[in-house]
Amino acid sequence: MIKVLVNDGMHQDGKTRLEEANFQVDTNNIPQDELINRLPEYDAVIVRSATKIRKELIDQCPNLKLIARGGVGMDNIDVEYARSKGIKVMNTPKASSQSVAELVIGHMFSLSRFLHRSYLEMPTSGHSNFKALKKSYAKGQLVRGKTLGIIGFGRIGQELASSAIGMGMNVIAYDIRDGNVDVPIKSPMLEGQNFTISIKISTMETLLTKSDFISIHVPSTDKPILGAAEIAKMKKGVILINSARGGTIDEDALIEGLNSGQVSAAGLDVFVNEPTPRADLLGHPKVACSPHIGASTVEAQRNIGLELADGLRQHFQ
Ligand code: 3PG
């Protein structure tokens with residue numbers, strides 16, 4: 001029987017699909033520092049972003065045949081090293097794109113109408129100070145008609161573009177690959193119609209200088225893509241969203257930008273120091289935060305679980 005450790009959780013449907021194929025699936029989390037003693041008994045391990053599978057751990061697990069990442073980013077796994085040891089490494093790149101895109105849109109609307117502040121302040125002073133709060137949130141802005149700059153135009157970037165176009169936004173995309181990308185516009189109302197919009201990849205300069213909103217969708221980077229120099233080039237009052245990885249924006253530069261007014265607000269789902277992000281960023285009045293939940297919808301969790309189960313079944317059978 002193939003023994004699988006699922007260390008960061010898995011949708012029940014995925015677990016069931018594995019058990020139906022006679023896999024032994026253990027879903028009790030093993031703390032990171034105990035993995036070195038416990039992982040060697042498993043044939044496969046399934047993780048999200050919380051568990052780290054580094055070289056030292058891989059070296060202690062000669063029986064390990066597969067490492068599966070439920071999700072997209074594999075920066076928590078020493079992928080090349082594992083592969084050099086003959087271990088299969090897989091992820092689920094498609095399963096959560098729409099969920100991440102919708103979280104970005106949630107942050108855009110929230111910040112455009114100060115909902116993140118209003119949700120905090122209404123319960124405490126909404127009763128005694130209703131008129132003052134109404135006045136302080138009176139300068140909201142429409143999203144329709146504005147320009148969204150998308151840095152990284154892979155699956156998630158394209159899903160975001162598709163939804164943003166549907167909401168009446170203009171989209172500028174930057175990617176390391178050049179050319180045009182045909183973005184499908186999706187709605188049950190367009191059933192049977194193949195409706196796409198062709199987006200030409202722009203330069204970073206164009207994106208930075210012309211966007212009202214900027215959202216990042218690239219893998220983990222060694223150094224920030226958006227630092228002080230890039231922020232200085234942006235339109236004054238830009239709104240930044242990061243649901244990719246914490247280090248893709250320089251957090252010091254972001255705070256400076258927010259304080260100077262160059263950046264009017266930021267929506268952050270990811271942070272440099274997860275799971276203990278810096279407090280001045282979390283508490284900043286112009287920041288709306290969420291705890292790395294881009295892929296955390298019921299639909300994405302299920303897609304991820306089923307895709308993982310199919311991947312494991314295919315590999316071991
Ligand atoms: C990803 O890379 O798939 C996302 O950042 C989601 O991370 P999670 O699996 O920890 O929710």
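Buried means under 20% relative accessible area, exposed means over 50%, and partly exposed covers the range in between. Keep these cut-offs at hand for the exercises below, which all work on a predicted model.

**Exercise 1. Place Lys3 and Leu5 on the burial scale, and list what each one touches.**

Step 1. Start with the location: Lys3 is found in strand E1, and Leu5 is found in strand E1 too.

Step 2. Now apply the cut-offs. Lys3 has 21% relative accessibility, so it counts as partly exposed. Leu5 has 0% and therefore counts as buried.

Step 3. Look at the contacts, setting aside neighbours within four places in sequence. Lys3 is in contact with Gln24, Asp26, Glu41, Tyr42, Asp43 and Ala44. For Leu5 the list reads Asp26, Asn28, Ile30, Leu35, Leu39, Tyr42, Ala44, Val45 and Ile46. Asp26, Tyr42 and Ala44 appear in both lists.

Step 4. Finish with two distances between C-alpha atoms. Leu5 and Leu39 are 34 residues apart in sequence and 7.7 Å apart in space. Lys3 and His315 are 312 residues apart along the chain, with 13 Å between their C-alpha atoms.

**Exercise 2. Describe helix H13: what is its span, which residues are buried, and what do they pack against?**

Step 1. Helix H13 runs over residues 298-316, which gives 19 residues. From its first C-alpha to its last it reaches 27 Å, close to the 27 Å expected at 1.5 Å a residue.

Step 2. The buried residues of H13 are Ala300, Ile304, Gly305, Leu306, Leu308, Ala309, Gly311, Leu312 and Phe316.

Step 3. To read that list, recall that an α-helix has 3.6 residues a turn, so residues three or four places apart point the same way. Ala300, Ile304, Leu308, Leu312 and Phe316 are among the buried residues to try this on.

Step 4. The packing partners include three helix and strand elements from the start of the chain numbering: strand E1 (3-6), helix H1 (12-20) and strand E3 (44-47). The buried residues of H13 also pack against strand E4 (66-69), strand E5 (88-91) and helix H5 (97-112).

**Exercise 3. Compare Gly106 and Ser163: is each one buried or partly exposed?**

Step 1. Gly106 lies in helix H5, while Ser163 lies in helix H8 (residues 155-166).

Step 2. Gly106 counts as partly exposed because its relative accessibility is 39%. Ser163, at 18%, counts as buried.

Step 3. Add the spatial partners. Gly106 and Gly267 are 161 residues apart in sequence and 9.1 Å apart from C-alpha to C-alpha. Ser163 and Glu102 are 61 residues apart in sequence, with 8.0 Å between their C-alpha atoms.

Step 4. Beyond its neighbours within four places in sequence, Ser163 is in contact with Gln98 and Ile105.

**Exercise 4. Find the backbone features at Phe114, His292 and Pro275.**

Step 1. Begin with the background: most residues other than glycine have a negative phi, and most peptide bonds are trans.

Step 2. Phe114 is not a glycine, yet has a positive phi of about 60°. Its place is in the loop between H5 and helix H6 (115-125). With a relative accessible area of 24%, Phe114 is partly exposed.

Step 3. His292 is not a glycine either, and its phi is positive at about 55°. This residue is found in the loop between strand E13 (287-289) and H13. At 24% relative accessibility, His292 counts as partly exposed.

Step 4. A cis peptide bond joins Glu274 and Pro275, with omega at about 10°. Pro275 lies in the loop between strand E12 (263-268) and helix H12 (279-282).

**Exercise 5. Step back to the whole protein: what do its overall numbers say?**

Step 1. Count the elements: the protein has 13 helices and 13 strands.

Step 2. Check the radius of gyration. A compact globule of 317 residues would have a value near 20 Å, and the protein has 22 Å, which agrees. Along the principal axes, the C-alpha trace spans about 65 × 50 × 40 Å.

Step 3. Of the 317 residues, 47% count as buried. The accessible surface comes to about 16,000 Å², and 52% of it belongs to carbon and sulfur atoms.

Step 4. Among contacts between residues at least 6 apart in sequence, 59% join residues at least 24 apart.

Step 5. Finally, the charges: there are 36 positive and 35 negative side chains, and the centres of the two sets lie 7 Å apart.

Definitions and conventions. Residues are numbered from 1 along each chain as its sequence is written. This is a predicted model: local features need pLDDT of at least 70, side-chain atom pairs count only at pLDDT 80 or more; totals for chains, interfaces and linings use all residues. Side-chain values use heavy atoms; hydrogens and water are left out. Helices (H or I, at least four residues) and strands (E, at least two) are DSSP runs, numbered from the N terminus. The radius of gyration is taken over C-alpha atoms; the globule rule is 2.2 Å times the number of residues to the power 0.38. Buried means under 20% relative accessible area, exposed over 50%, partly exposed in between (1.4 Å probe, protein chains only). Contact means heavy atoms within 4.5 Å. Accessible areas come from the Shrake-Rupley method with a 1.4 Å probe; for residues, only the protein chains shown count as cover. Lys and Arg count as positive and Asp and Glu as negative; His and the chain ends are not counted. The place of a charge is taken as NZ of Lys, CZ of Arg, CG of Asp or CD of Glu. The expected span of a helix is 1.5 Å times one less than its number of residues.
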